[in-house]
Amino acid sequence: MATPQEIYDETKTRLDLNIAKAQMLEREIQEKVAEKNKLTQPIIEDQGALKQFSKLPDVVTETVKTIESK
């Protein structure tokens with residue numbers, strides 16, 4: 001049977017590892033959100049360009065998915 005000290009040490013190690021992993025995931029999430037945000041302006045510009053090109057008589061258009069601002 002494990003001693004109270006061994007149980008404490010094991011629990012403390014598990015806690016420390018879980019906190020470190022949570023912090024790493026939070027950093028990754030923030031990086032991904034920043035990466036996504038960098039794409040918003042080019043997407044909007046491309047949508048505007050396609051809208052203008054679609055007005056030309058010799059351009060065949062297909063349905064273009066647009067993003068919604070939040």
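This report describes the overall form of a predicted model, then its helix, its salt bridges, a nonpolar patch and a few separations along the chain.

## Overall form

The chain contains one helix and zero strands, and its C-alpha trace spans about 80 × 20 × 15 Å along the principal axes. The radius of gyration of the chain is 25 Å, whereas a compact globule of 70 residues would have a value near 11 Å. Of the 70 residues in the chain, 1% count as buried, a class that requires a relative accessible area under 20%. The accessible surface of the chain amounts to about 6,900 Å², and carbon and sulfur atoms account for 59% of this area.

## The helix

Helix 1 covers residues 4-54, and its length can be checked against what its residue count would predict. At 1.5 Å a residue, the 51 residues of the helix should span 75 Å, and the end C-alpha atoms lie 73 Å apart, so the two values agree. Where in helix 1 does a kink lie? The kink is at Thr-40, where it comes to about 25°, and this position falls shortly before the proline Pro-42.

Two residues of the helix, Gln-5 and Phe-53, may serve as further points of reference. Gln-5 is found in helix 1 and counts as partly exposed because its relative accessible area is 49%, a value between the limits of 20% and 50% that bound this class. Phe-53 also belongs to helix 1, and with a relative accessibility of 48% this residue is likewise partly exposed.

## Salt bridges

How many salt bridges does the structure hold? There are three, and the table below gives each pair with the distance between nitrogen and oxygen.

| Salt bridge | N to O distance |
|---|---|
| Arg-14 and Glu-10 | 3.7 Å |
| Lys-12 and Asp-16 | 2.9 Å |
| Lys-32 and Glu-35 | 3.9 Å |

The spacing of the partners along the helix can be read together with these distances. Arg-14 and Glu-10 both lie in helix 1 and are four residues apart, which is about one turn of the helix. Lys-12 and Asp-16 are also placed in helix 1 at a spacing of four residues, again about one turn. Lys-32 and Glu-35 stand three residues apart in helix 1, and so they are separated by about one helical turn. An α-helix has 3.6 residues a turn, and therefore residues three or four places apart point the same way.

The accessibility of the six partners can be taken pair by pair. In the pair of Arg-14 and Glu-10, Arg-14 is partly exposed at 43% relative accessibility, while Glu-10 is exposed because its relative accessible area of 53% lies over the cut-off of 50%. In the pair of Lys-12 and Asp-16, Lys-12 has a relative accessible area of 36% and is partly exposed, and Asp-16, with 37%, is partly exposed as well. In the pair of Lys-32 and Glu-35, Lys-32 is exposed with a relative accessible area of 56%, whereas Glu-35 counts as partly exposed at 47%.

## A nonpolar patch

Which residues form a nonpolar patch on the surface? Met-24, Leu-25, Ile-29 and Val-33 do so, and together they have about 320 Å² of accessible area. One of these residues, Val-33, is found in helix 1 and is partly exposed, with a relative accessible area of 39%. This value is over the 30% that a residue needs in order to join a patch.

## Separations along the chain

Three pairs of residues show how distance in sequence relates to distance in space in this model, each separation in space running from C-alpha to C-alpha. Phe-53 and Lys-38 are 15 residues apart in sequence and 24 Å apart in space. Glu-35, which lies in helix 1, is 27 residues from Glu-62 in sequence and 28 Å from that residue in space. For Gln-5 and Val-60, the separation is 55 residues in sequence and 73 Å in space.

Terms used: Residues are numbered from 1 along each chain as its sequence is written. This is a predicted model: local features need pLDDT of at least 70, side-chain atom pairs count only at pLDDT 80 or more; totals for chains, interfaces and linings use all residues. Side-chain values use heavy atoms; hydrogens and water are left out. Buried means under 20% relative accessible area, exposed over 50%, partly exposed in between (1.4 Å probe, protein chains only). A salt bridge is a side-chain nitrogen of Lys or Arg within 4 Å of a carboxyl oxygen of Asp or Glu. Patches are made of residues with over 30% relative accessible area and no salt bridge: like charges are joined within 9 Å, nonpolar side chains (Val, Leu, Ile, Met, Phe, Trp, Tyr) within 5 Å. Accessible areas come from the Shrake-Rupley method with a 1.4 Å probe; for residues, only the protein chains shown count as cover. The expected span of a helix is 1.5 Å times one less than its number of residues. The bend at a residue is the angle between axes fitted to the seven residues ending there and the seven starting there. The radius of gyration is taken over C-alpha atoms; the globule rule is 2.2 Å times the number of residues to the power 0.38.
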